[in-house]
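Me: I am new to this structure and would like to go through it in questions and answers. Please show it to me before we begin.

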Amino acid sequence: MASSLWVMIALMGVATILFVYMGRAVDDPRVKMIYVATIGIPAVSLSSYFGLATGLTIGVVDIAGRGEVVTMWGRYLTWTFSTPLILLALGLLVGSDRPTLFAAIAFDIGMCVTGLAAALTRQAIWMRWVWFGISSAFFLVVVYVLLVEWPRDAAAQGEDVVDLFGLLRTLTVVLWFGYPIVWALGTEGLAVMGTGVGATAITSWAYSLLDVGAKFVFAVLLLRFLADEPASVTGQQTARTGSPAED
């Protein structure tokens, strides 16, 4: 388990430095905002993974009817702060209106917090699954924004934005579905491989690999596109009331 955490610390540290370097010459305010949001993704993850690796944000939950389970609750802190930054970057890219952007971020935070509740609940196994269901409901709202609302906004931008958003949307939705699947099958859910050290390590590696794609690959694709400050982003306007593009 520890090996996956230290690998991620190294990767997120390199990513933070790399992304800062990539954005050193950016001048457009909108592109800068997206860069700042994207740079924050590995920076937040680096801090959280360090907490996990040092044992600060790892605990043991004694679940009624099952026994003791190692809970890496620090991961939920990572997701609570990093996934809203992912949505903020995407929303700014497509020129989302403020209410939709706020809704996506608010329900995303709700998803993470209720996921944490599921992981820490010890009174009964069924209570854990109730929290898991609530978290999944919040998640579906975020998926709706990604699949229905923001494609409409992207369509009003340049064709290159449409293509990039389509790629990032697919990457995000597919990988984000992986997290509840890992939870459900891993040590905190059904524990199909048990709750021992080996099973905990596999669960940790699964989460880390998902983070690589959902955060690092996502950020590289987005920032490479923005590095040249494309006109479809720097000059984008939207007729939707209250859009960040109007700031």
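Me: Which residues make up the covered face of strand S1?

Reply: This is a predicted model, in which local features need pLDDT of at least 70, side-chain atom pairs count only at pLDDT 80 or more, and totals for chains, interfaces and linings use all residues. Residues are numbered from 1 along each chain as its sequence is written, and side-chain values use heavy atoms, with hydrogens and water left out. Strands (E, at least two residues) and helices (H or I, at least four) are DSSP runs numbered from the N terminus. In S1, residues 59-63, Val60 and Asp62 form the uncovered face, while the covered one consists of Gly59, Val61 and Ile63.

Me: How many bridges join S1 to strand S2?

Reply: Two strands pair if DSSP finds at least two bridges between them. S2 covers residues 67-71 and runs antiparallel to S1, and the bridges joining them number 5.

Me: Which helix gives the most residues to the largest nonpolar core?

Reply: A nonpolar core is a set of buried (under 20% relative accessible area, 1.4 Å probe, protein chains only) Ala, Val, Leu, Ile, Met, Phe, Trp, Tyr and Cys residues joined through side-chain atoms within 4.5 Å. The largest has 55 residues, and Leu93, Trp150, Leu222 and Leu226 have the most contacts inside it. With 11 residues, the helix that gives the most to this core is H6.

Me: Is Asp97 buried or exposed?

Reply: Asp97 is placed in the loop between H3 and H4. Because its relative accessibility is 6%, Asp97 counts as buried.

Definitions and conventions: Buried < 20%, exposed > 50% of the residue type's maximum accessible area, 1.4 Å probe, protein only.
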